There are 2 protein chains.
Amino acid sequence: MKTYLDASTKQIDEAVTQSWQAFDGYKKLNLKNRADFLRAIAASLQNSSAVIIKKAMQETNLEEARLVVEFKRTLFQLTSYAKACEEGAWLDIRINTAGEQLKEEQKKTAQQSTNNRPLSLSKVDLRKMLIPLGPVVVFGASNFPFAYSTAGGDTACALAAGCPVIIKAHPAHAGTSEMVYEAIKEAVNNCNLPTALFQHLHGASFEVGKRLVQHPLVKAVGFTGSFEGGKALFDWANARPVPIPVFAEMSSVNPVFLLPQKLKQDTAKIASMLSESITQSVGQFCTNPGIVVGIESDALFKLLNMLGEEIKKMKPAKMLHSGIAKSFYSKRAEALQQDSVSIVAEASLANENEGQPTIATTTGSAFLSNPVLHKEVFGPYSLVVQCKDEKELLLVALQMEGQLTTTLMATDDEVKNNAKLVDVLKEICGRFILNGVPTGVEVALAMHHGGPYPATTDSRFTAVGADGIKRFARPVCYQNWSSELLPDELKNENGLRLWRTVNGELTDKSLDS
Amino acid sequence: MKTYLDASTKQIDEAVTQSWQAFDGYKKLNLKNRADFLRAIAASLQNSSAVIIKKAMQETNLEEARLVVEFKRTLFQLTSYAKACEEGAWLDIRINTAGEQLKEEQKKTAQQSTNNRPLSLSKVDLRKMLIPLGPVVVFGASNFPFAYSTAGGDTACALAAGCPVIIKAHPAHAGTSEMVYEAIKEAVNNCNLPTALFQHLHGASFEVGKRLVQHPLVKAVGFTGSFEGGKALFDWANARPVPIPVFAEMSSVNPVFLLPQKLKQDTAKIASMLSESITQSVGQFCTNPGIVVGIESDALFKLLNMLGEEIKKMKPAKMLHSGIAKSFYSKRAEALQQDSVSIVAEASLANENEGQPTIATTTGSAFLSNPVLHKEVFGPYSLVVQCKDEKELLLVALQMEGQLTTTLMATDDEVKNNAKLVDVLKEICGRFILNGVPTGVEVALAMHHGGPYPATTDSRFTAVGADGIKRFARPVCYQNWSSELLPDELKNENGLRLWRTVNGELTDKSLDS
């Protein structure tokens, strides 16, 4: 396989400087043109889909069917964020005019002791909208060569927000990244934009990423990967003379909690759903359910057996690359050698670098006393924690770290009768699934793909769905500017028909009508 | 004056633990009851206004008229955020239903190579809203004993978001803080809430603040004060095993840029506006204009003279406390002793601890080469930077650190003909004022009181206006929950008549109508 040289210090600095220069023009591009650019990227990728997918198959060991789905998802992200970009709700526009009404109000309130002036009034004209932050560094993810890499969600969001992008290609699919980059360049040209807008760098060494994150002209960072990687970026970014936001999606075991009645009712179905979710894409999804928590019972015993049988039937497949496979077996071994942990079942292996589907089990008390068992084993591995009663199950929930998702398997009655548990499970996650599985992250506005630390470095923002655009923007308020001098988005006439909160009322009308 | 003992480690830990326990119930309080609680605090404060204002006059040296205005502002914050709280737009609700429409769509797209499924569709039911973070520590600000202290903006936002509050009272007005705390306790009782919901601690030593920020059950921090203070909190928060957001409003010189035509037209008016803004409240506003930038000309010379004359006429007044006065004179001295800096005019002093209104001046080139001149001198001091031409003025703008505000004095033609400068000035600030002054921060939804670092630690959030509520919340997405089991805000019937984005459309209707 072709090897790509790490970007030199000079190349990194040049790329960032060029990106900064391109920001000047790109941020002025109107929403419609930005959206067209995203759609042009999708079209350009589409034209090269066959060769790009083929390349990704060679580099990642992922199956064609899986890559085709991911490729489509990537195009959908680009086109749906394009739509959101031009619809402009993400701009969070608020306008408070300095109306005549105010003067009346002031006369009235002058005599009053409390100032009950309604929220909508202001002495001066104030108009607020989000503006782009500047060049964004996006780190390609090993497990999603398309959807969270070069033309992935972070890139689409940053471009929609008006930010140039600097890609640090993932070394495990650097060739795929090059091809995606070529497609993007074509879209850049087709839209008559400067090529500097999109920078592409290689870097197998962490030094490349470090220099990028520390560069003064870089304004934000998107990352999907390991806890160690994300934490390093977060720390570098915060230690800068001017800190910048890092949106790192890191570590999550996506616990599944089983309540007795539901488990008894649907044992087989739950076993089947879980085994599929645990082994999907060789367990290499960030939402892979790594921990299953239940209460000792016949039903749980039955589930363990069924889950074991299902797992044994799973055909193992190669992991993304040998490094990931090595890490999987080392973390799996570490987990399995802990006290009170035993294997329930494992699939048999055929080839090197395959991920071995594995179900292990332990007790609630072992889990509560051993932090090693809380750690993510990235791959097709799940640990079933058998609690002795509901009280212990609640303790396990209370001790859980921040997660991308938690899943509850429960009947309606059980949801209603376990208010405390339901609340605790909600508090630890960004997405709370009832009677489903955590894998399968819909690209939709209502999606939240994020969660409390260490799942991500910033629980307030999502990496999936058009709300992700807001990660790369900040508000600025114009005070006392006449309509004529304001950006189009804030002008009285509202020619773009944006939804704006004007004097407290949501409206897509112009200011005078 | 009564002295208050610093909270002991034990007291701090108890306060946080109690706050955490109170979170359990408080977060379940519906929006209407939360809003009523904020209004009850306003009412309770109103009842004690006379004695509280009297106490603040004793502790802060601020004049009665100024304190009365600030007190009213504080009540307005509470009542207007209460209104925003119950209106619920801040919850950012997004719903994607798993509709029949999808199945149709899937059939169609199965044959297509790109997945053009509209943004509104999802395979599963997804419903997202903001939920509160947990206990919030609010540090009282020295310069706003009411509006940014115990019952101030951060407190009102945190309570509106559903978070309990732990106050670290500012030692310079600890007695005022105690009285405000008493009024809040009365409101807590009147609303039948647990007193643990609102904790009040004293701490002249930084150790109290440090322990609070490092406590694992504290989930966010609000702070208004010095750069050194804010930076320390930010670093402690990021070094925690689980980092938390810190919203620190720190350092800003709020530069005012004068363009020639406007300056020539309105010299006297600008001199009068600026001198008033610089000396208001003895220059102790975070939006005080500390740097004025113009181009060498007769008009600028005239402005300097006029500004000098106005400043000399200003009656000095005592600063907040002797520590602030000492710091003002030391920073002022440091600035004045730099090369190429000279005093234009200063008012004469009568009493100890008065802040001496001062106008100094320097050249553009001196400013560009000396970082000391960029630093905030907290008090009634402003430095007029005389650039030799428009190019140098642009360089000064480009070298400016992040600011809460920038102000531009320009004619309409000048705005149109200086697109680059206008863009640069926008990039460095959170609020961009045209032909006005930065002091006077309206409490309105369209306000943005924030700005790039070092003005604040997080440019994406505001400390003034109801959008500030979002600082203390994060999104959670419910997947596959039936309407009956969801929180009221997300139920089909939308009994609260909240604005929600349902399948891509903003609506305040129920899901079935």
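**Stop 1: helix H2 of chain A**

Select residues 31–47 of chain A, which form helix H2 in this predicted model. Which residues of H2(A) are buried? Colour Leu31(A), Arg34(A), Ala35(A), Phe37(A), Leu38(A), Arg39(A), Ala40(A), Ile41(A), Ala42(A), Ser44(A) and Leu45(A), and you have them. To see what covers these residues, add helices H3 (49–60), H4 (64–87), H6 (153–161) and H7 (174–190) of chain A, which are included in that cover.

Now look along the helix. H2(A) has 17 residues, and the span from its first C-alpha to its last is 24 Å, close to the 24 Å expected at 1.5 Å a residue. As you follow the turns, keep in mind that an α-helix has 3.6 residues a turn, so residues three or four places apart point the same way.

Zoom in on Leu38(A). Leaving aside residues up to four places away in sequence, Leu38(A) touches Leu78(A), Tyr81(A), Ala82(A), Cys85(A), Ala156(A), Leu159(A) and Ala160(A). Leu38(A) also has a part in a wider picture: the largest nonpolar core has 336 residues, and Leu38(A) and Leu38(B) are those with the most contacts inside it. In soluble globular proteins, nonpolar side chains tend to be buried together.

**Stop 2: where the two chains meet**

Show both chains together. How many residues of chain A are in contact with chain B? There are 62, and they meet 62 residues of chain B. Highlight the elements of chain A that each give two or more residues to this side: H2, H4, strand E1 (94–96), strand E2 (126–132), helix H16 (412–417), strand E16 (429–434) and strand E17 (473–479). H4(A) provides the largest share, seven residues.

Next, try superposing the chains. A turn of 180 degrees with a shift of 0.0 Å along the axis lays chain A on chain B, with an RMSD of 0.0 Å. The two copies are thus related as by a two-fold rotation axis. To find that axis from chain A, go to Asn238(A), whose C-alpha is the nearest to it in that chain, at 3.8 Å. Both copies use the same surface, as 100% of the contact residues of chain A recur in chain B.

**Stop 3: strand E4 of chain B**

Move to chain B and select residues 165–169, strand E4. Is this strand enclosed or open? Five of its five residues are buried, so E4(B) is largely enclosed by the rest of the structure. Both faces are covered, with Val165(B), Ile167(B) and Ala169(B) on one side and Ile166(B) and Lys168(B) on the other. In a regular strand the side chains alternate between the two faces of the sheet.

Add the neighbouring strands one at a time. Strand E3 of chain B (residues 136–139) pairs with E4(B) in the parallel sense over four bridges, and here Val137(B) stands opposite Ile166(B). Bring in helix H6 of chain B (residues 153–161), and you can trace a right-handed β-α-β unit made by E3(B), H6(B) and E4(B).

Strand E5 of chain B (residues 198–202) also runs parallel to E4(B), joined to it by five bridges. Look for Ile167(B) opposite His200(B). From E4(B) the chain crosses through helix H7 of chain B (residues 174–190) to E5(B), in a β-α-β crossover that is right-handed.

**Stop 4: Gly222 of chain B**

Select Gly222(B), which sits in strand E6 of chain B (residues 220–224). Gly222(B) counts as buried because it has 27 C-beta neighbours inside 10 Å, the cut-off being 20 or more. Beyond residues up to four places away in sequence, Gly222(B) touches Val136(B), Val138(B), Phe139(B), Asp154(B), Ala158(B) and Phe247(B).

**Stop 5: some backbone details**

Most residues other than glycine have a negative phi, and most peptide bonds are trans. Go to the loop between E16 and E17 of chain A, where Pro454(A) is found. The peptide bond from Tyr453(A) to Pro454(A) is cis, with omega near 10 degrees. In chain B, the bond from Tyr453(B) to Pro454(B) is cis too, again with omega near 10 degrees.

Asn435(A) is found in the loop between E16 and E17 of chain A. This residue has a positive phi of about 50 degrees although it is not a glycine. Is Asn435(A) buried or exposed? It is buried, with 20 other C-beta atoms within 10 Å.

Finish at Asn480(A), in the loop between E17 and strand E18 (500–502) of chain A. Asn480(A) has a positive phi of about 70 degrees, and with 17 C-beta neighbours inside 10 Å it counts as partly exposed.

Note on methods. Residues numbered from 1 in each chain as written. Chains lettered and ligands numbered in written order. Predicted model: local features only at pLDDT ≥ 70, side-chain atom pairs only at ≥ 80, totals over all residues. Buried ≥ 20, exposed ≤ 12 C-beta atoms within 10 Å, placed from the backbone. Pairing = 2+ DSSP bridges. Right-handed = clockwise from strand over helix to strand, strands pointing away. Expected span 1.5 Å × (residues − 1). Contact = placed C-beta atoms within 7 Å. Core = buried A, V, L, I, M, F, W, Y, C linked by C-beta atoms within 7 Å. Least-squares fit on C-alpha atoms with pLDDT ≥ 70 in both.
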